[in-house]
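Biologist: I would like to go through the charged side chains. Please justify each label as we go.

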Amino acid sequence: MGGGHVKKALITGITGQDGSYLAEFLIAQGYVVHGIIRRSSSFNTQRIRHIYQDPHEDRPRLVLHYGDSLDSESLMRVLHKVQPDEVYNLGAQSHVRVSFDLPTYTADVVYLGTVRLLEALRTLDRPVRFYQASSSEMYGGVTTEALDESSPLVPRSPYAVAKVAAYYQTINHRQAYAMFACNGVLFNHESPRRGETFVTRKITRGLAQIVAGREQYLYLGNLAARRDWGFAGDYVEAMWRMLQHDVADDYVVATGETHSVQEFLDYCAGLVGLDSAACVRVDPIYFRPTEVDHLLGNPAKALRVLGWRPRTTFRQLAAMMLAADLDSVGVDPRRFEALHGFIPDPEPR
Ligand code: NAP
Ligand code: F7E
């Protein structure tokens, strides 16, 4: 932060998993963070509530504005009011399975929402740095090789198709208008704040319910799928680093390790002394019309150019999520020796 200028960042999707970690990270860097939230019939700000609740703040660290990626006017209005230095476009219908049921809506939010935001940015009279939340789903999981920035894009869901379009639109705005616009191609990243219907969280939450005696079985889909899972708290730093670099570019962000859903399940079940075969049932309702079988990322460029690296291991991630979910159902994670190092802090899940 040079010359006393306090940087302003605007985040779409601030109420989501990544938005909450990014807001915390940017505030810790000295930014004032502005976020776009959607009107909702019940509160949807639980992941960022604690940021508001700091009694020591001398100026607002977080400012929320109503808006929607479907609504150009709202994006325009917020951008002109905030005059941000950096914009992080995280807002999305982000569930791959749901995108098969809502393909048009998903395309509208994910693709056209990005076009609306990029076009609104062009009406500002100041240079703005733009981050686009691109996804490893764009690769389609058709190879077991490690994927990098030059790997072919083979989208296999309406979500992935929309993300591919938004990815290319971001590059087109960079080339056509010399905008500082970057794609972060992030592989799956999880946390105790992960949405409850994504598989890792579904597993840790489901096992916690079983330990608490609230449920007998956990129902899952394709256990053979493989993912490169990292920790969301590590990945938001990579987003920020992309926008601090001299040149706008696209980067893969991943751990370089892949594990199956079965492995994640077995590891978590083992941590709490459960036999996964006895407590899990496969329900085809969770199968996808086209599946992404295998994802493994090669983050070498982000490591080399951005100096970023993932800090949290697969096992630490699983234990952290499981401890938080046990705690939230009233089971003390310290009952399980392997979880002693992962006692959750009182922050939101
Ligand atoms: P998430 O938890 O599902 O959060 C999505 C956010 O988007 C929420 O704040 C949601 O608001 C907001 N949103 C949904 N529809 C919107 C609309 N029409 N207008 C404005 N905002 C809208 O997702 P996440 O895991 O944090 O992921 C963040 C971004 O990274 C997404 O774009 C996702 O597609 C992408 N991504 C995620 C991963 C991953 O593994 N997590 C990997 C690669 C890329 P509400 O709270 O109101 O629903
Ligand atoms: O599925 C399998 C499922 O929904 C992972 C989003 O953040 O990451 C996420 O998309 C795998 C798939 O994540 C269940 O079939 C088995 O193969 O946790 P997921 P995703 O589809 O990889 C990418 C990078 C994004 O960009 C997305 O926004 O797990 N699976 N059984 C299951 N998946 C779910 N959800 N539920 C099950 O019961």
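**Salt bridges and a lysine without one**

Modeller: Bear in mind that this is a predicted model. The side chains of Asp-101 and Arg-97 meet in a salt bridge.

Biologist: What makes Asp-101 and Arg-97 a salt bridge?

Modeller: Their N to O distance is 3.7 Å. The cut-off is 4 Å, so the pair qualifies. The two residues sit four apart in helix H4 (residues 96-101), about one helical turn.

Biologist: Is Asp-101 buried or exposed?

Modeller: Exposed, because its relative accessible area is 56% and the label needs over 50%. Arg-97 has 22%, so this residue counts as partly exposed.

Biologist: Why is Lys-301 called buried?

Modeller: Its relative accessible area is 16%. Buried means under 20%, so the label fits. Lys-301 also forms a salt bridge with Asp-249, with the closest N and O atoms 3.0 Å apart. That pair links distant parts of the chain, 52 residues apart. Lys-301 is in helix H11 (residues 300-306), while Asp-249 lies in the loop between helix H8 (232-244) and strand E11 (250-253).

Biologist: Which label does Asp-249 get?

Modeller: Partly exposed, because its relative accessibility is 27%.

Biologist: How do you know that Lys-202 has no salt bridge?

Modeller: The nearest side chain of opposite charge, Asp-283, is 7.7 Å away. A salt bridge has to be within 4 Å, so Lys-202 has none. Lys-202 is nevertheless buried, and is found in helix H7 (residues 199-211). Its contacts beyond four places in sequence include Leu-218 and Tyr-286.

Biologist: How many salt bridges does the count come to?

Modeller: By this rule, 17.

Definitions and conventions
Residues numbered from 1 in each chain as written. Chains lettered and ligands numbered in written order. Predicted model: local features only at pLDDT ≥ 70, side-chain atom pairs only at ≥ 80, totals over all residues. Heavy atoms only, no water. Buried < 20%, exposed > 50% of the residue type's maximum accessible area, 1.4 Å probe, protein only. Lys, Arg positive; Asp, Glu negative; His and termini not counted. Contact = heavy atoms within 4.5 Å.
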